[in-house]
Amino acid sequence: GLEIRLASRPKGWPTMDNFDIAEVEAPQPGEGELLVRNLVMSVDPYMRGRMNEGKSYVPPFQVGAPLEGGAVGEVVESNAEGFAPGDHVLHNLGWRDYAVVSGKHATKVDASAAPLGAYLYVLGMPGMTAYVGLADVAAQQEGDVVFISGAAGAVGSLAGQIAKLRGAKKVIGSAGSAEKVRYLLDEVGFDEAFNYHDGPVVEQLKAAAPEGIDVYFDNVGGEHLEAAISVMNDFGRLAECGMISQYNAETPQPGPRNMAMIVQKRLKIEGFIVMDRAHLKDQFFNEVGAWLRDGKITYRETVVEGLRNAPDAFLGLMRGDNTGKMLVKIV
Ligand code: NDP
């Protein structure tokens with residue numbers, strides 16, 4: 001099978017040269033391990049951070065070694081209790097055709113309950129991120145006006161729907177194209193949406209929310225964050241989920257110029273990482289699972305075919321080629 005390796009660490013925007021594709025022998029599972037044929041894998045913005053050297057909340061990828069990330073596959077061989085050939089498992093060794101996974105790091109998923117990609121999306125890490133960001137970090141209340149950036153992406157499009165289902169008065173989204181704005185308004189159920197390329201974010205946000213906003217779910221940082229601070233109502237909450245506008249910057253970017261408003265308006269601003277909120281997993285599955293079953297949540301996938309094209313899918317994600325979740329279908 002194939003595996004995709006980190007060939008070199010990018011400076012600024014990554015390119016195809018930062019990836020290597022290698023043909024390797026199928027690995028052998030040891031005691032307590034599974035051999036998994038990967039079927040579908042995720043590419044996610046946080047992977048850009050792991051391509052850099054240096055300490056962060058997940059260790060960096062190693063040059064010359066295969067990349068890692070969320071994947072769902074079928075068990076081919078099992079030396080781990082509780083798993084049998086034919087089972088479908090979620091694990092963290094994507095970017096390769098065959099993975100040897102410890103039974104401890106594999107989670108069985110039900111292929112008849114939901115399409116496999118759902119475990120990497122609505123019922124997986126991005127869904128949980130949207131849910132905990134609103135329910136826990138931003139403590140979103142009924143009647144809040146909520147602004148979400150990166151709104152047509154995996155986390156953002158779910159956050160918009162969850163905010164609405166949790167009783168938001170108004171949900172506003174921003175995204176990078178007219179098509180995405182139409183998608184937000186016509187299909188996802190956002191009340192207001194704008195294309196951030198059309199003009200200053202602060203002006204577009206003010207026009208969409210003349211009453212101000214109470215919650216900002218930040219996927220983007222930079223100009224979006226400054227605009228949100230400007231338009232926030234007193235005692236507003238900002239859930240800092242991601243800052244994708246900065247991930248490919250070669251030097252640290254200046255912060256918002258209006259930080260004094262955090263004091264004047266008594267704002268609460270909090271960064272979070274989804275894996276720290278594992279105690280909310282059951283609550284997430286119960287609440288979002290029920291909405292999904294009742295047809296209250298809509299979602300889209302942008303699927304790239306073939307493991308060989310996974311680097312392209314990742315680069316496309318950075319450029320905004322995706323609507324909803326970017327996934328790679330391996331088989
Ligand atoms: P998305 O599906 O949203 O894909 C990324 C999107 O970012 C692109 O589609 C693009 O859409 C947008 N984008 C790229 N560059 C810019 C820019 N300069 N300004 C504005 N938008 C840009 O990815 P995810 O849903 O997986 O992730 C969304 C955010 O959530 C990321 O910041 C990610 O790091 C973060 N995250 C955080 C987690 C946590 O635990 N804190 C967990 C998971 C994700 P467009 O066309 O609109 O520009």
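Student: Between which strands is the loop that holds Trp-95?

Tutor: Let's set the scene: residues are numbered from 1 along each chain as its sequence is written. This is a predicted model, where local features need pLDDT of at least 70 and side-chain atom pairs count only at pLDDT 80 or more, while totals for chains, interfaces and linings use all residues. Helices (H or I, at least four residues) and strands (E, at least two) are DSSP runs, numbered from the N terminus. The loop with Trp-95 is between strand E5 (88-91) and strand E6 (98-102).

Student: Is Trp-95 buried or exposed?

Tutor: Trp-95 is not a glycine, although its phi is positive, about 70 degrees. With C-beta atoms placed from the backbone, a residue is buried if 20 or more others lie within 10 Å of its own, exposed if 12 or fewer, and partly exposed in between. Trp-95 has 28 other C-beta atoms within 10 Å, so Trp-95 is buried.

Student: And Arg-266, buried or exposed?

Tutor: Arg-266 also has a positive phi, near 55 degrees, and is in the loop between helix H7 (260-264) and E13. Because Arg-266 has 11 C-beta neighbours inside 10 Å, it counts as exposed.

Student: Which are the edge strands of the open sheet?

Tutor: Two strands pair if DSSP finds at least two bridges between them. The 6 strands of this parallel sheet come in the order E10-E9-E8-E11-E12-E13. Those that pair on one side only are strand E10 (192-195) and strand E13 (268-271).

Student: At what angle does helix H4 run to E10?

Tutor: Axes are lines fitted to C-alpha atoms, for helices over the stretch in contact, and angles run from 0 to 180 degrees between N-to-C directions. Helix H4 (residues 178-188) lies across strand E9 (170-175) and E10, and its angle to E10 is about 175 degrees.

Student: What arc do the buried residues of helix H9 cover?

Tutor: In H9 (residues 310-319), the buried residues are Ala-310, Pro-311, Ala-313, Phe-314 and Leu-317. The arc is that of the directions from the helix axis to the C-beta atoms. These residues are on the same side of H9 because their arc around the axis is only 160 degrees.

Student: Which residues come nearest to the ligand?

Tutor: A residue is near a molecule if its C-beta atom, placed from the backbone, lies within 6 Å of it. The largest share of the shell around the ligand, 3 residues, comes from H3. Of the 29 residues around the ligand, the nearest are Gly-153, Ala-154, Gly-176, Gly-242 and Gly-320.

Definitions and conventions. Two residues are in contact if their C-beta atoms, placed from the backbone, lie within 7 Å.
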